[in-house]
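Me: I would like a close look at a single part of this structure, taken slowly and with the numbers kept in view. Please treat it as one connected account rather than a list.

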Amino acid sequence: NRIADSANFNGIKLLDGSLESGAKEISVKGVDSTQVNAVQSVVTNDTALTTTGADAEEGDTYTFTVSLDNGKSYTATVKVEKYVDGDGNVSDTQVRLVNANGEVLTKKIAATAVDAGAVTDALIKDLKKSDLADQFQIEKSGTDKIQFTNLQAGDKTVPQINAFESTVKASTATTATITADKPDITTAGVDAGREVKASDITEYDGKNYDDAVFTINGKKFVLMTGNMEATGDAFMNAVAALGPDVTVLVGDKTTGTNGLDPNDENFEQNIAKIKEVTGLNVEANAAGDGIKLSLDPKAKGGLSLQIGDTSDSFNQLNVSVGDMHTKALGIDKIDIGTQAGA
């Protein structure tokens, strides 16, 4: 984890996930920025888990599967067993619910007209025993729906639910059913982002590199002073002094604004350039006085390398380096404190 946090080349982090295809975070340096409140996704199964009033019999099994967009799936299992009291007496009127490992989920319910809410509660208990509970808050919605709320925010930063599937394996006399064929997305996740005020950006005049250069996800930018555009050699010399790793944005042409003010005529081309270089979504901020940066799930991201002598796409190579923290690699729960664990 320390290596993942610290490994860098010229200030660009290499192993922390920021070079993964489709950026997973947004960092802004050299200019003040404000965190945008992110929205967590809330998903429920579309159809209630229902039973039809039939009696529950030993061996009846209910399953509920949650599939994520990262290819993983989690299945909760509820089996019906005969209830046995402390004296060893087997009940004809009561049953208990256990999971696939035989762990008791519900100690005792009436066997007659098995309760859909009880089955739902038991499914939730079993889901909470899985790693899914590390990513989602799992709770009942209404009487017999299951709701999942992402513990983190964002379409790209955290797994999202793709589908639900549920089945029932019942005895001939039991007609209980559960149905949940698709997700009902109550609230879609919104990626965390940052906002920057145009007035907080120092314009570059050819002499104030340290004050004017700012970075977005490790990419350097300057906003050129507008009145330099008509000064010929002075403008070209100022640009040349920046170096090839700095992207130049066009300065203001309208009094009282700069090129990152939504009211400026250069705004659209400047935010398009930032999007091209960083792979982020770029638009006017909520206050209309600067830019808002947010993650773009469709962006290539990664590290763009120049491997030829022209700027054509075939002379450039995009390299993606994933998150190398132990949790991202799936090894954060490995315990080498014992021989078996090692």
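Is phenylalanine 214 buried or exposed, and what is its relative accessible area? From there, please go on to the largest nonpolar core and the sheet beside it.

Reply: This is a predicted model, and what follows should be read with that in mind. Phenylalanine 214 is buried, its relative accessible area being 3%. Its ring forms a stacked aromatic pair with that of phenylalanine 221, the centres lying 5.9 Å apart and the planes making 25° with each other. Phenylalanine 221 likewise counts as buried, at 0% relative accessibility.

Turning to the core, the largest nonpolar one has 29 residues, and those that touch the most other members are Val66, Leu127, Leu132 and Phe148. The elements that each contribute two or more residues to this core are strand 6 (61-68), strand 7 (73-84), strand 8 (90-98), strand 9 (104-110), helix 2 (116-127), strand 10 (136-141), strand 11 (145-150) and strand 12 (161-169). Helix 2 gives the most, with 6 residues. Apart from this core lies another, of 20 residues, which includes Val28, Leu260, Phe267 and Ile274.

Two of the well-connected members show how the parts meet. Leaving aside neighbours within four places in sequence, valine 66 is in contact with Lys72, Ser73, Tyr74, Leu127, Leu132, Phe148, Ile161, Ala163 and Phe164. Leucine 127, found in helix 2, is buried with a relative accessible area of 1%. Not counting residues up to four places away in sequence, leucine 127 touches Phe64, Val66, Tyr74, Ala76, Leu132, Ala133, Ile138, Ile146 and Phe148. The C-alpha atoms of leucine 127 and glutamate 139, residues 12 apart in sequence, are separated by 9.9 Å in space.

Aromatic residues deserve a separate word. The model holds 4 aromatic pairs. In one of them, the rings of phenylalanine 136 and phenylalanine 148 have centres 6.3 Å apart and planes at 90°, and the pair is therefore edge-to-face. Because phenylalanine 136 lies in strand 10 and phenylalanine 148 in strand 11, this pair ties together parts that are 12 residues apart in sequence. Both phenylalanine 136 and phenylalanine 148 are buried, and together with Phe64 and Phe164 they form one aromatic cluster.

The sheet comes next. It is open and made of 5 strands in the order 9-8-7-6-12, with antiparallel pairing. Strand 9 and strand 12 stand at the edges with a single partner strand each, so one side of each has no neighbour in the sheet. From one strand to the next the twist averages 20°. Strand 6 and strand 12, which run antiparallel, are joined by 8 bridges, and threonine 65 stands opposite glutamate 165 of strand 12. Helix 2 packs on the sheet, where it touches strand 6, strand 7, strand 8 and strand 9, and its direction makes about 125° with that of strand 7.

A last stop within strand 6 is threonine 61. With 12% relative accessibility, threonine 61 counts as buried, since the cut-off for that term is under 20%. A polar atom of the threonine 61 side chain lies 3.2 Å from the backbone oxygen of glycine 59. Beyond residues up to four places away in sequence, threonine 61 touches Thr77, Val78, Lys79, Thr167, Val168 and Lys169.

Key. Residues numbered from 1 in each chain as written. Predicted model: local features only at pLDDT ≥ 70, side-chain atom pairs only at ≥ 80, totals over all residues. Heavy atoms only, no water. Core = buried A, V, L, I, M, F, W, Y, C linked by side-chain atoms within 4.5 Å. Buried < 20%, exposed > 50% of the residue type's maximum accessible area, 1.4 Å probe, protein only. Helix = DSSP H or I, 4+ residues; strand = E, 2+ residues; numbered from the N terminus. Contact = heavy atoms within 4.5 Å. Pairing = 2+ DSSP bridges. Axes fitted to C-alpha atoms, helices over the stretch in contact; angles between N-to-C directions. Polar contact = N/O pair within 3.5 Å; in protein donor to acceptor, adjacent residues only side chain to side chain. Phe/Tyr/Trp six-rings, centres within 6.5 Å; stacked < 30°, edge-to-face > 60°.
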